[in-house]
Amino acid sequence: MFVKLPKEDKLGLDSIYLQAKRYRGNTVGRPDIQAFAGALDMHRARKGVFITTSNFTKDAHDFVTRIEKRIVLIDGREWAALMREHNVGVSTRELYAVKAIDSDYFLEE
């Protein structure tokens, strides 16, 4: 999936593109990220986000640090944390009460 996100700013000076891969057991390597960077070129985009349910290889991480484009890599763990943080696609199952000892209760009068 390759998607153009709404304009990053109100003047429409910059766009961000998104690609998502749902992998089980496979890691996303440098070739996938290079292909994404090439797709960004075709749209004259300088920024992109690549999300996967699995992980990225070290080569993929190294590649994004060496290119001029800004590509953010979000793996499955980080994606799940972002979903929890922003309450997207999650629901609360249980709440816990955290109790503290009331030291005034034990004071002698």
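Is Thr 57 buried, partly exposed or exposed? The legends below take up this residue and several others in a predicted model.

**Figure 1. Overview of the chain and its elements.**
The model is predicted. The chain holds three helices and six strands. Read from the N terminus, the elements follow the order β-β-β-α-β-β-α-β-α. The chain has 109 residues, and 27% of them count as buried. Among contacts with a separation of 6 or more, 54% join residues 24 or more positions apart.

**Figure 2. Close-up of Thr 57, in the loop between β5 and α2.**
Helix α2 covers residues 58–66. Thr 57 counts as partly exposed, because its relative accessibility is 25%. Its partners beyond four places in sequence are Thr 27, Val 28, Gly 29 and Arg 30. Thr 27 is 30 residues away from Thr 57 along the chain. The C-alpha atoms of these two residues are 6.3 Å apart.

**Figure 3. Close-up of Ser 54, in the loop between β4 and β5.**
Strand β4 spans 47–52, and β5 spans 55–56. Is Ser 54 buried or exposed? Ser 54 is buried, because its relative accessibility of 9% falls under 20%. The side chain of Ser 54 comes to 2.6 Å from the backbone oxygen of Asn 26. Asn 26 is also among the residues that Ser 54 touches. Setting aside residues up to four places away in sequence, the others are Tyr 23, Thr 27, Val 28, Asp 75 and Gly 76. Thr 27 and Val 28 also appear among the contacts of Thr 57.

**Figure 4. The packing of helices α1 and α2.**
Helix α1 runs over residues 30–42. The axes of α1 and α2 lie 8 Å apart, at an angle of about 30°. The two helices therefore count as roughly parallel, because the angle is under 35 degrees. From α1, the contact takes in Arg 30, Ile 33, Gln 34 and Ala 37. From α2, it takes in Asp 59, Ala 60, Phe 63 and Val 64. Sorted by class, five of these residues are nonpolar, one is polar and two are charged. A general point on helices helps in reading this view. Residues three or four places apart in an α-helix point the same way, because there are 3.6 residues a turn.

**Figure 5. Aromatic pairs and a cluster of rings.**
How many aromatic pairs does the structure hold? There are three. One of them joins Phe 50 and Phe 56, with ring centres 5.8 Å apart and planes at 75°. This pair is edge-to-face, because the angle is over 60 degrees. Phe 50 counts as buried, with 0% relative accessibility. Phe 56 is also buried, at 10%. Another pair is made by Tyr 105 and Phe 106, whose ring centres are 5.1 Å apart. Their planes stand at 85°, so this pair too is edge-to-face. Tyr 105 and Phe 106 are both exposed. Phe 36 joins Phe 50 and Phe 56 in one aromatic cluster.

**Figure 6. Helix α3, from its start to the segment after it.**
Helix α3 takes in residues 76–85. At its start, a side-chain oxygen of Asp 75 comes within 3.3 Å of the backbone nitrogen of Arg 77. Asp 75 is also one of the residues that Ser 54 touches. Trp 79 lies in the helix. This residue counts as partly exposed, because its relative accessibility is 35%. Trp 79 touches Ile 51 and Ile 74, leaving out residues up to four places away in sequence. The C-alpha atoms of Trp 79 and Ser 54 are 9.8 Å apart. Along the chain, 25 residues separate Trp 79 from Ser 54. Asn 87 follows α3.

**Figure 7. Two residues with positive phi, Arg 44 and Asn 87.**
Most residues other than glycine have a negative phi. Where does Arg 44 lie? Arg 44 sits in the loop between α1 and β4. Its phi is positive, near 55°. Arg 44 is exposed, because its relative accessibility is 80%. Asn 87 is placed in the segment after α3. The phi of Asn 87 is positive and near 55°. Asn 87 is exposed, with a relative accessible area of 60%.

Terms used
Residues are numbered from 1 along each chain as its sequence is written. This is a predicted model: local features need pLDDT of at least 70, side-chain atom pairs count only at pLDDT 80 or more; totals for chains, interfaces and linings use all residues. Side-chain values use heavy atoms; hydrogens and water are left out. A polar contact is a pair of N or O atoms within 3.5 Å; within protein, one must be able to donate a hydrogen and the other to accept it, and residues adjacent in sequence count only if both atoms are side-chain atoms. Helices (H or I, at least four residues) and strands (E, at least two) are DSSP runs, numbered from the N terminus. Buried means under 20% relative accessible area, exposed over 50%, partly exposed in between (1.4 Å probe, protein chains only). Contact means heavy atoms within 4.5 Å. Rings of Phe, Tyr and Trp (its six-membered ring) pair if their centres lie within 6.5 Å; planes under 30 degrees apart count as stacked, over 60 as edge-to-face and the rest as tilted. Axes are lines fitted to C-alpha atoms, for helices over the stretch in contact, and angles run from 0 to 180 degrees between N-to-C directions. Angles under 35 degrees count as roughly parallel, over 145 as roughly antiparallel, 65 to 115 as roughly perpendicular and the rest as oblique. Ala, Val, Leu, Ile, Met, Phe, Trp, Tyr, Cys and Pro count as nonpolar, Asp, Glu, Lys and Arg as charged, and the others, Gly among them, as polar.
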